[in-house]
2 protein chains.
Amino acid sequence: MKKNKIPDIIIGRLPLYLRALQRMEDQGSVVTSSQELGDWVGISAAQIRKDISQFGEFGKQGTGYNIKFLREKLREILKIDRVWDVAIIGMGDIGHGLARYQGFLDRGFRVVLAFDNSPEKIGTKIGNLLIQDTADMAAAIKKAGIKVAMVAVPADNAQVVADELAKTNVSAILCYAPICINVPEGVRVQYIDPATHLQWMTYYLE
Amino acid sequence: MKKNKIPDIIIGRLPLYLRALQRMEDQGSVVTSSQELGDWVGISAAQIRKDISQFGEFGKQGTGYNIKFLREKLREILKIDRVWDVAIIGMGDIGHGLARYQGFLDRGFRVVLAFDNSPEKIGTKIGNLLIQDTADMAAAIKKAGIKVAMVAVPADNAQVVADELAKTNVSAILCYAPICINVPEGVRVQYIDPATHLQWMTYYLE
């Protein structure tokens with residue numbers, strides 16, 4: 001695999017393919033085509049074939065892709081053929097929602113640690129998940145060997161949290177704070193901020 | 001303005017610039033440079049200059065950008081120099097969080113309608129926002145002249161909701177359901193699905 005040479009944008013599409021394949025399988029389908037998969041995700045069949053062929057020969061001309069096989073391959077490639085333990089920092093509405101979200105486990109993630117700095121929240125539970133003091137965050141995350149974190153604190157606290165995470169082995173951060181955070185080299189950050197998505201679309205509105 | 005020729009990816013970066021400029025202004029800054037703005041958003045100064053110059057001459061060689069002026073220009077370009085009324089469909093954890101989120105109004109959006117299909121939720125309120133029956137959605141959204149919607153229903157219901165929205169003037173949809181929805185031509189959709197973001201990053205983890 002020419003791993004380092006595959007454009008990041010292609011990697012970003014694989015989770016979408018995987019999500020569609022999962023739904024196809026749930027609906028009882030066994031085989032699919034790049035055309036059908038393309039219709040599901042709104043991407044051309046040619047692009048899908050090109051993307052997937054970066055990683056090997058997973059389909060056959062004329063017969064298409066075996067859904068279960070392609071799913072397994074994509075899960076291996078994305079390294080979610082295992083379960084990643086995840087920490088959530090910030091247990092407001094968003095953190096709370098993420099902690100309760102049932103959709104992670106099927107897709108490779110399990111929330112095992114939760115932190116907040118509010119005395120009213122520390123020590124309370126969401127399901128089985130105990131909310132711990134943010135002050136203990138770096139040590140607890142390090143001890144648990146966690147590499148994936150979701151940051152759902154206000155913008156003003158996000159960099160402080162990022163600096164704490166820099167003391168751990170976390171190298172993938174999903175940031176819900178509406179601010180770009182500075183992280184050490186080698187750490188990846190992706191952002192979720194609904195207002196920026198909406199603003200992107202209003203440009204096109206009449 | 002060569003509006004139709006500006007790549008969508010550039011439009012997508014403008015909200016990030018705007019968000020950073022807002023924070024600079026909040027911190028009392030008056031002037032910035034493409035270098036400083038680039039540091040805030042993790043994009044090269046050259047790219048920032050190139051992106052912004054697509055829309056006109058908003059800065060001066062040597063003196064940089066006036067923050068307030070550039071913010072106003074970006075707000076005009078993104079059409080958020082006005083406030084867009086927004087409908088939320090699906091009032092689970094995510095919809096609830098979006099309805100309570102205080103960050104929209106400053107950034108061009110006001111949630112004015114909320115819908116759910118659960119009898120326990122219909123008729124209850126979140127702040128001043130009344131949760132209405134999804135069955136009345138299309139009529140209410142049409143009557144209110146709403147063009148922007150956030151869909152936070154389970155994957156299995158998302159296409160039905162999209163089909164209902166197709167009967168209205170909604171042409172920008174932020175979809176939290178983990179599925180790609182089919183919409184009429186001219187309608188834009190952006191997706192927020194934390195698991196796909198996480199999976200994108202685990203590819204790079206050791």
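## A sheet in chain A and a helix pair in chain B

Let's start in the middle of things: strands E4 (chain A) and E5 (residues 109-116, chain A) run parallel and are joined by 6 bridges. Helices (H or I, at least four residues) and strands (E, at least two) are DSSP runs, numbered from the N terminus, and two strands pair if DSSP finds at least two bridges between them. To get from E4(A) to E5(A), the chain passes through helix H5 (residues 93-100) of chain A, a β-α-β crossover that is right-handed. That word means that, with the strands pointing away from the viewer, the path from the first strand over the helix to the second runs clockwise.

Keep in mind that this is a predicted model, where local features need pLDDT of at least 70, side-chain atom pairs count only at pLDDT 80 or more, and totals for chains, interfaces and linings use all residues. Residues are numbered from 1 along each chain as its sequence is written, chains are lettered from A and ligands numbered from 1 in the order in which they are written, and side-chain values use heavy atoms, with hydrogens and water left out.

### The sheet

E4(A) sits in an open sheet of 7 strands with mixed pairing, in the order E6-E7-E5-E4-E8-E9-E10 (chain A). At the edges are E6 (125-126) and E10 (188-191) of chain A, each pairing on one side only. Here are three of the pairings:

| Strands | Bridges | Direction | A bridge pair |
|---|---|---|---|
| E4(A) and E5(A) | 6 bridges | parallel | A:Trp84 and A:Phe109 |
| E4(A) and E8(A) | 4 bridges | parallel | A:Ile89 and A:Val151 |
| E6(A) and E7(A) | 2 bridges | antiparallel | A:Lys125 and A:Leu130 |

Is E4(A) mostly covered or mostly open? It is mostly covered, with 5 of its 6 residues (84-89) buried. Buried means under 20% relative accessible area, exposed over 50%, partly exposed in between (1.4 Å probe, protein chains only). Across chain A's 206 residues, 51% count as buried.

### The helix pair

Over in chain B, the axes of helices H1 (residues 8-26) and H2 (residues 34-41) come within 10 Å and cross at roughly 105°. Axes are lines fitted to C-alpha atoms, for helices over the stretch in contact, and angles run from 0 to 180 degrees between N-to-C directions. H1(B) and H2(B) are therefore roughly perpendicular, a label for 65 to 115 degrees.

Where they touch (heavy atoms within 4.5 Å), residues including B:Leu16 and B:Tyr17 of H1(B) meet residues of H2(B), B:Trp40 among them.

Note on methods:
Parallel < 35°, antiparallel > 145°, perpendicular 65-115°, else oblique.
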